[in-house]
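Let's take a walk through the aromatic side chains of this protein. Have a look at the rings and how they sit against each other.

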Amino acid sequence: MSNSTNYSTLERKSFQPILPVDDDLLEKVFITVKTTGRNHLTRLPVIIRTWFQLAKKQTWFFTDTNDQHLSQVTGGHVINTNCSATHSRRALCCKMSVELDVFLETKKKWFCHVDDDNYVNVPALDELLKMYNPIGDWYLGRTSTPKPLQIRAKSQKTTFWFATGGAGFCLSRALVLKMAPISGNGKLMAIGDRIGLPDDVSVGYVIEHLLKIQLTRVEQFHSHLEPMRLIKKDLFNEQLTFSYSLDNEPNTVDVDGFNEITDPTRFLSLHCFLFPEASSCVEKLKIHR
């Protein structure tokens, strides 16, 4: 099955739920996937077929258009943010703002954001969050810059770290509650406009600069900004997220499994590597190699 396969035709029983995780803890997590209408048929099918099956109740897709088929195959876990479908700064900040506001409407203890080109290793995420108490102020993520970002705000130089949204990051409920008066109810867009930077940077600006809460760096988050092939197979189980890019030279995880036509993102093969007992994995790998 290629990455562009219509998700409405997915074999919904291809992967049986495998949850070697703490169900009670996982129930406290709210996972958001930021996407856009033009990516519904190209990026989401492989997510829905793989890691989404391990966290159906916890995962929500935040998009910019109505999609009945997507809503059907995700059990209604689709939220139309009514934000612009462009990749502009305001559109990105708009979606992030809605994600955070919707999270606060739940009773969940952890907010974890990923993009629609991320694979989430659900058991590893579960293990990470066991290490932290959500009543504390926790900003967990990975930077993509070697130095703190320096900007000029209100005629003053400001320096801060931010977690790269394309690698995924997690915030404790206590922290998001502190952010709400500053960036809630759409105010994140105004902050993005003021500093002239996108959603993940704006979140970092609010947390590190305005609230003076430091980023806890977690190197097991990964974005397509780094070479995926350098992640060693014997460390796959420890990684929290993976990513890919298919532009020009493909940047994908180096993992055996399905052929590249069937699995250009390598997420199907990665899923079967992590969960070889998943239903149909062995048979399908024999067919598509």
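Start with Y139: in this predicted model, its relative accessibility is 0%, and since buried means under 20%, Y139 counts as buried. F169 gets the same label, because its relative accessibility is just 1%.

These two residues belong together, as one of the 14 aromatic pairs that a search of the whole structure turns up. The ring centres of Y139 and F169 are 6.4 Å apart and their planes meet at 85 degrees, so this pair is edge-to-face. It also links distant parts of the chain: Y139 sits in strand β6 (residues 139–141) and F169 in strand β9 (residues 169–172), 30 residues apart.

Now zoom out a little. Y139 and F169 are members of a cluster, joined through ring pairs with F30, W60, F62, F103 and F111. One of those members, F103, has a charged visitor: R173 lies over its face, at 5.3 Å from the ring centre. You'll find a similar arrangement at W161, where R217 lies over the face of the ring, 4.6 Å from its centre.

For another pair, turn to F236 and F273. They are edge-to-face too, with 5.2 Å from centre to centre and 75 degrees between the planes. F236 is in the loop between β10 (216–217) and β11 (241–242), while F273 is in helix α9 (residues 267–274), so the pair ties together parts that are 37 residues apart in sequence. And how exposed are the two partners? F236 is buried, with a relative accessible area of 0%, whereas F273 is partly exposed, at 36%.

Note on methods:
Residues are numbered from 1 along each chain as its sequence is written. This is a predicted model: local features need pLDDT of at least 70, side-chain atom pairs count only at pLDDT 80 or more; totals for chains, interfaces and linings use all residues. Side-chain values use heavy atoms; hydrogens and water are left out. Rings of Phe, Tyr and Trp (its six-membered ring) pair if their centres lie within 6.5 Å; planes under 30 degrees apart count as stacked, over 60 as edge-to-face and the rest as tilted. Helices (H or I, at least four residues) and strands (E, at least two) are DSSP runs, numbered from the N terminus. Buried means under 20% relative accessible area, exposed over 50%, partly exposed in between (1.4 Å probe, protein chains only). A charge sits over a ring if NZ of Lys or CZ of Arg is within 6 Å of the ring centre and within 35 degrees of the ring normal.
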